[in-house]
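Visitor: I should like a close look at a single part of this model, beginning with one side-chain contact and then placing that part within the whole. Please give the distances, angles and accessibilities on which each statement rests.

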Amino acid sequence: MYRYGVAANVIRRMNRWQPALKPRIFHNIHTGNRKLINVTKNLTQSYRDISSLVIKGNMIVRYDEFINNPLYTSRTLALTTFSTNESGILYLQNRLQLGKFNMDKLHRQLLFCPPKDKIEASLDGVKQYLNLSEAQLRKMVLSVPPIIGCNFDSNIKQKLDRLQDCMKLSNEELRKIVMLQPSIIAMSFDNNIKPKLVTMKEFLAFSDDEIKKMVVRHPAILSLNFANNIKPTLDAVQDHLNLSNEEVRKMLIHKPQIISYDFDGNIKPTLDALQDLLKLSKEELQSLVLNFPSIIGLNFNYNTKPKFEWLQLTFNLDRDEMLELVQKQGTLLGVNLEKTLIPNVAFWKECLSDRTDTEAMIEIIRLPREWTISHERLLRRAALFDQHNIPRLCLWGRSSYTDEKVDIWINKWVEQNCEGG
């Protein structure tokens, strides 16, 4: 059985994930000494038919663009005649409960499947080291299939140990990073991860702790190319909003996901639409983004715009009042409108039913943070107050308390009212 894929990707995978096989795999289609054969037969032909075409070596390359442009390899297909271990495939399929769709996906991404014992050792090592469930392990394998062929002790564990030591991560932080960005397992620590961390730290004078917080919150940072992805995006944002290095640094600490956004395709259209909707000056736009950097990542048409329209209609706000509200409580824009904001405002209006609608809305808009907690949590708090015969209106201004703080407040209220009674 053979597997095929884009040659450039195959080469890249072999360089990153299967270094031990490099001497046995044709990995330089431009200067390698393997014989190139233009395979015109159907790629579904049998393994023996394919291997019979190989005069020297164990790699076949089918090429079209290569003939006219040796530097263009994205359409070049590479095939390896390394046999796939059928028992390994069966073990992988049964252990991870993979259906046809996922098995086909693995076939497209793997050069070949190792024997069962190697797969089992790798998966057991990763599962135990990161304290994963079988479902989490399955998700990781589907994200990074070559993990099944990596030696756990000499490859995966050493890499994760060095990452944990370099960033001073707790076991839970390391686990979170790998779960959110499993491709880290396939990266070289010395050639990829460590240089990127050093460059990021030097670029905007981040402290070790700040870099750690950013990576834990958004591990995809480690998979991005600094020169081609990170720096161009940050430079464009800085120029567009006229930000200082310190302002960019603080913005990234608060919202590291900005690094992953495409400026021309995502950030600029969002900022332009926001500026147009609220008729913002450049200074006002800058202030809004610095106050709530997450607004950059919100979908304008399905998130930001409907919220502004609802705020304006519900509270009868003019442009300046709405801008002041968002500057005061920017997290409003990150809360679900249908599931949180609308039902929470209705809840508080009911609690303030002894007042006129105008008076109630004036009071509600005074503390916008009270609408931003989840509606389910708000109802649980209300039920707790009901249980102790505490008026729900007493929850106003306290709904965002921690559970411990709520319990302390309730106990004091009960004691005082019992003494009074």
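**A side-chain contact and its setting**

Guide: The side chains of Glu210 and Arg249 are joined by a polar contact of 2.6 Å. The model is a predicted one, and the values that follow are computed from it. Glu210 lies in helix H11, which spans residues 208-217. Glu210 has a relative accessible area of 18%, and it therefore counts as buried, since the cut-off for that class is under 20%. When residues up to four places away in sequence are set aside, Glu210 touches Ala205, Arg249 and Ile253. Arg249 is thus both a contact neighbour of Glu210 and its partner in the polar contact.

The protein as a whole provides the background for this site. Its secondary structure comprises 21 helices and three strands. Of its 421 residues, 45% are buried, and Glu210 is one of the buried residues. The protein exposes about 22300 Å², of which carbon and sulfur atoms supply 49%. As for contacts between residues at least 6 apart in sequence, 67% of them join residues at least 24 apart.

A second helix shows how burial is arranged along an element. In helix H17 (residues 319-328), the residues Met322, Leu323, Leu325 and Val326 are buried. These four lie on the same side of H17, because the arc they cover around the axis is only 160°. Glu324 and Lys328, on the other side of H17, are exposed. The buried residues of H17 pack against four helices: H14 (263-278), H15 (282-291), H16 (300-315) and H19 (357-366). At the start of H17, a side-chain oxygen of Asp318 comes to within 3.2 Å of the backbone nitrogen of Asp320.

Helix H16, one of the packing partners of H17, also leads to an aromatic cluster. The structure holds eight aromatic pairs. One of them is formed by Trp310 and Phe315, in an edge-to-face arrangement with 6.1 Å from centre to centre and 85° between the planes. Trp310 counts as buried because its relative accessibility is 14%, and Phe315 counts as buried because its value is 10%. Phe315 also pairs with Trp371, and that pair is stacked, with 4.9 Å from centre to centre and 10° between the planes. This stacked pair links distant parts of the chain, 56 residues apart: Phe315 belongs to helix H16, whereas Trp371 sits in the loop between H19 and helix H20 (375-387). Both members of the stacked pair, Phe315 and Trp371, are buried. Through these ring pairs, Trp310, Phe315 and Trp371 are linked into a cluster.

The cysteines complete the account. The structure holds zero disulfides. Cys166 has a relative accessibility of 36% and is therefore classed as partly exposed. Cys351, by contrast, is buried, with a relative accessible area of 15%.

To return to the part requested: Glu210 of helix H11 is a buried residue whose side chain makes a 2.6 Å polar contact with that of Arg249, while Ala205 and Ile253 are among the other residues it touches.

Note on methods
Residues numbered from 1 in each chain as written. Predicted model: local features only at pLDDT ≥ 70, side-chain atom pairs only at ≥ 80, totals over all residues. Heavy atoms only, no water. Disulfide = S-S within 2.5 Å. Buried < 20%, exposed > 50% of the residue type's maximum accessible area, 1.4 Å probe, protein only. Helix = DSSP H or I, 4+ residues; strand = E, 2+ residues; numbered from the N terminus. Polar contact = N/O pair within 3.5 Å; in protein donor to acceptor, adjacent residues only side chain to side chain. Contact = heavy atoms within 4.5 Å. Areas by Shrake-Rupley, 256 points an atom, 1.4 Å probe, with all protein chains shown as cover. Arc of directions from axis to C-beta. Phe/Tyr/Trp six-rings, centres within 6.5 Å; stacked < 30°, edge-to-face > 60°.
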